[in-house]
Amino acid sequence: MADVELRALTKEFPGGVRALDTLDLTVADGEFFALLGPSGCGKTTLLRTIAGLEAPTSGQVRIGDRDVTGLVPGARDVAMVFQDYALFPHMTVLDNIAYPLKIKRQSRPERSGRARGVGANLGLAALMDRRPAALSGGQQQRVALARAVACHPSVFLFDEPLSNLDARLRLEARTFLKRLQRELAVTTIFVTHDQAEALALADRIAVMEAGRIRQVGTPREVFGRPANTFVANFIGSTPMNLLPGVVSGGGVAVAGGTLTPSTITPPTAPGERVIVGVRPEYVSLSTTPVDGALTGEVSIIEHLGAVSLVTVEADGALIGATVPEDREPVPGSRVWLSPAPGRVLIYRESDGELVT
Ligand code: ATP
């Protein structure tokens with residue numbers, strides 16, 4: 001078993017930057033786990049602290065049933081793949097893959113046999129004698145992965161492993177990475193700032209902000225029920241509508257109208273200020289009046305491919321709704337917006353936490 005457990009992990013850098021703030025997290029054995037968050041939230045620091053490249057100011061890192069907090073990276077049984085792959089430029093692909101085995105003092109035939117085997121599995125058989133400079137970005141990435149796989153670690157740590165690839169190669173590499181992780185069933189923690197990548201790859205995601213974890217959940221949970229307005233804002237390729245509202249008469253008054261109990265059940269007291277969250281994908285748009293709908297004027301239409309994002313201005317607020325591309329309303333026209341029942345979330349205005 002190689003679960004990874006972090007207990008009250010804190011990292012302060014000189015100058016008072018608290019990159020990790022009493023962070024608790026357990027990643028299960030064999031899990032594919034994403035660390036997601038905006039730039040500077042502490043993702044890389046967290047990964048480096050698990051790897052042993054950074055010493056925590058306080059707290060504990062456990063791998064399997066061992067406390068590894070005081071151990072050097074080589075004694076932790078982890079393999080890390082860096083954003084820039086960190087390949088040795090003067091070594092061949094074969095020697096790059098075999099290098100960690102050399103450090104582990106395996107014999108030359110043993111390590112080159114293993115490196116060739118892993119390389120072949122990752123589609124690198126024909127490239128074994130090349131140097132990194134003679135490889136494409138995608139091939140370099142595979143060499144870096146092969147080097148990690150050859151070590152047979154208990155845990156893989158990936159720091160933005162796909163970020164140097166172009167969009168098309170990235171999609172291919174994503175599928176490849178997912179398949180590889182499934183086959184090897186090795187606990188994997190990977191850092192990304194790309195929420196689409198995290199949603200596509202991970203079994204579970206931790207969304208971080210300023211050294212803390214704001215939510216841990218499956219892609220479905222984090223997308224469908226963000227635990228707070230920070231996560232709601234961060235997740236989703238089109239941003240979630242977050243509309244300030246006031247609980248009134250069994251419903252919630254927001255810009256453009258009042259959402260009635262047929263759409264939402266306000267759990268809070270009349271007069272309480274809330275934020276109503278609903279994804280544009282769950283707002284239906286009508287060009288004729290609809291009872292109980294919010295109303296406003298079409299402001300902007302963005303073409304996203306098969307669907308278009310329509311931004312509607314209602315009492316000075318902007319509300320997004322996606323429509324099939326052949327059902328776009330006329331810019332400037334009046335429309336009616338109905339959030340889908342069961343898809344509306346209510347957050348407390350005071351602290352942004354999910355109420356229901
Ligand atoms: P990005 O997505 O931009 O890589 P990140 O989420 O990985 O960001 P970190 O690199 O972990 O964030 O940085 C977290 C915070 O710690 C930032 O405020 C950063 O400036 C600070 N930090 C990181 N390394 C050091 C260091 N060696 N010395 C001082 N501050 C540091």
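Here a trainee and a mentor talk through the helices, sheets and ligand shell of a predicted model.

Trainee: What should I know about the model before we start?

Mentor: It is predicted, so local features need pLDDT of at least 70, side-chain atom pairs count only at pLDDT 80 or more, and totals for chains, interfaces and linings use all residues. Residues are numbered from 1 along each chain as its sequence is written.

Trainee: What makes a stretch a helix or a strand here?

Mentor: Both are DSSP runs, numbered from the N terminus: helices are H or I with at least four residues, and strands are E with at least two. Helix α2 covers residues 93–103 and helix α4 residues 137–150.

Trainee: Why is α2 called roughly parallel to α4?

Mentor: Their axes come within 8 Å and cross at roughly 30°. Axes are lines fitted to C-alpha atoms, for helices over the stretch in contact, and angles run from 0 to 180 degrees between N-to-C directions. Angles under 35 degrees count as roughly parallel, over 145 as roughly antiparallel, 65 to 115 as roughly perpendicular and the rest as oblique. So α2 is roughly parallel to α4.

Trainee: Which residues make that contact?

Mentor: From α2 there are Val 93, Asn 96, Ile 97, Ala 98, Tyr 99, Pro 100 and Leu 101, and from α4 there are Val 143, Ala 146, Arg 147 and Ala 150. Being in contact means that the C-beta atoms, placed from the backbone, lie within 7 Å. By class, the contact has 9 nonpolar, 1 polar and 1 charged residues. Ala, Val, Leu, Ile, Met, Phe, Trp, Tyr, Cys and Pro count as nonpolar, Asp, Glu, Lys and Arg as charged, and the others, Gly among them, as polar.

Trainee: What makes α3 and α4 oblique?

Mentor: Helix α3 (residues 108–121) packs against α4 at an angle of about 130°, with the axes 9 Å apart. That angle falls in none of the named ranges, and the pair is therefore oblique. Arg 114, Ala 115, Val 118 and Gly 119 of α3 meet Ala 146, Val 149 and Ala 150 of α4. This contact has 5 nonpolar, 1 polar and 1 charged residues.

Trainee: How do you know how α4 lies against α5?

Mentor: The axes of α4 and helix α5 (residues 167–184) come within 11 Å and cross at roughly 15°. That angle makes α4 roughly parallel to α5. Gly 137, Gly 138, Gln 141, Leu 145 and Val 149 of α4 meet Leu 169, Ala 173, Leu 180 and Leu 184 of α5. The contact divides into 6 nonpolar, 3 polar and no charged residues.

Trainee: Let's turn to the sheets. Why do β15 and β18 count as edges?

Mentor: An open sheet of 5 strands has the order β15-β19-β16-β17-β18, with antiparallel pairing. β15 (283–286) and β18 (317–324) each have a single partner strand, so one side of each is left without a neighbour in the sheet.

Trainee: How do you know that β15 and β19 pair?

Mentor: Pairing requires that DSSP finds at least two bridges between two strands. β15 and β19 (residues 334–339) are joined by 4 bridges in the antiparallel sense, so they pair. One bridge links Val 283 with Pro 339 in β19.

Trainee: What makes β4 and β5 a pair?

Mentor: Strand β4 (residues 58–63) and β5 run antiparallel and are joined by 2 bridges. Ile 63 has Arg 66 in β5 as its bridge partner. These strands belong to an open sheet of 4 strands in the order β2-β1-β4-β5. Its edge strands are β2 and β5 (66–67), each pairing on one side only.

Trainee: What makes a residue part of the shell around the ligand?

Mentor: Its C-beta atom, placed from the backbone, must lie within 6 Å of the molecule. Residues surrounding the ligand include Phe 13, Gly 40, Lys 43 and His 193. α1 (43–51) and β2 (17–27) each supply at least two residues, and α1 gives the most, with 3. By class, the shell has 4 nonpolar, 7 polar and 1 charged residues.

How values were computed
Contact = placed C-beta atoms within 7 Å.
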